[in-house]
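Reader: Hey, can we go through the cysteines in this one together? I'm new to this, so plain words please.

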Amino acid sequence: SSAFLNWFNFLNSSSTLNNISCYGLCDGSINVIASGGTSTYSYSWSNGQTTSNISNLCQGTYNVTITDINSCYIVDSFFITQPTIPQLQQSFTICPGDSIVVGNNVYDTTGIYTDTLGGTGGCDTIVYTSIQMNSPVIWQQTNTICDGDSVQVGWNTYHTAGTYTDTISGWGGGVCDSIIYTTIIVNQNTSSYDTLSVIGSIVWN
């Protein structure tokens, strides 16, 4: 008796896939190497390319049909992915006159701001910045003084009647500058004069 062994050299492939490096880019690549079957091999990609290696790929699915010289073929499918864009959220509470710098932008009012900044590895990062504004402490005071007396507010000394405005850092336990309105009333010194009348008598002897 005789035994026959039929050996089939099936067509197959190996591949290397590189996904996209940063969100929104198109720098993916796929390299396919055919083996088995009967060389030579042809490659037909779903994006129209005909080489074993394709590059500059955006996110999506790519199919390749590999055909050997005997018209035997296989179909491989690949999916190129991209990373999600990094996001950073930050919040600040600031005082009037202060500001927050994000990248090249300066913010000094209440609001939510969005910036796209270049990050590590050349990938962009979206930064969300929330800003709240602290109110200043406003204090009003009235002082009545005598002529020659004075009132000190911060580093300033006042001794004449009037209304004065001072800005003092952290006064009254606040985290922001305090605005102090000071009204000064000066009582003028008053003097009273008594008149002494002397009536003399002359006695003639």
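Reader: OK, first up: is Cys-26 buried, partly exposed or exposed?
Author: Keep in mind that this is a predicted model. Cys-26 has 32% relative accessibility, so Cys-26 counts as partly exposed.

Reader: And which cysteine is Cys-26 joined to?
Author: A disulfide joins Cys-26 to Cys-58, with 1.8 Å from S to S. Cys-26 sits in the loop between β1 and β2 and Cys-58 in the loop between β4 and β5, so the pair ties together parts 32 residues apart in sequence. Cys-58, at 33% relative accessibility, is partly exposed too.

Reader: What's a disulfide, anyway?
Author: It's a covalent bond between the sulfur atoms of two cysteines.

Reader: Cool. How many disulfides does the whole structure have?
Author: There are 3. One of them links Cys-22 and Cys-123, which are 101 residues apart and both buried. Another is formed by Cys-95 and Cys-176, with their sulfur atoms 1.9 Å apart. That pair also links distant parts of the chain, 81 residues apart.

Reader: Are Cys-95 and Cys-176 buried or exposed?
Author: Cys-95 is buried at 12%, and Cys-176 is buried at 4%.

Reader: Switching topic: what's the strand order in that open sheet?
Author: The order is β12-β16-β15, with mixed pairing. β12 and β15 stand at the edges with a single partner strand each, so one side of each has no neighbour in the sheet.

Reader: How do β12 and β16 pair, parallel or antiparallel?
Author: Parallel, over 10 bridges. Back to cysteines for a second: Cys-146 has Asn-187 in β16 as its bridge partner, and Cys-146 is partly exposed at 41%.

Key
Residues are numbered from 1 along each chain as its sequence is written. This is a predicted model: local features need pLDDT of at least 70, side-chain atom pairs count only at pLDDT 80 or more; totals for chains, interfaces and linings use all residues. Side-chain values use heavy atoms; hydrogens and water are left out. Two strands pair if DSSP finds at least two bridges between them. Helices (H or I, at least four residues) and strands (E, at least two) are DSSP runs, numbered from the N terminus. A disulfide is a pair of cysteine sulfur atoms within 2.5 Å. Buried means under 20% relative accessible area, exposed over 50%, partly exposed in between (1.4 Å probe, protein chains only).
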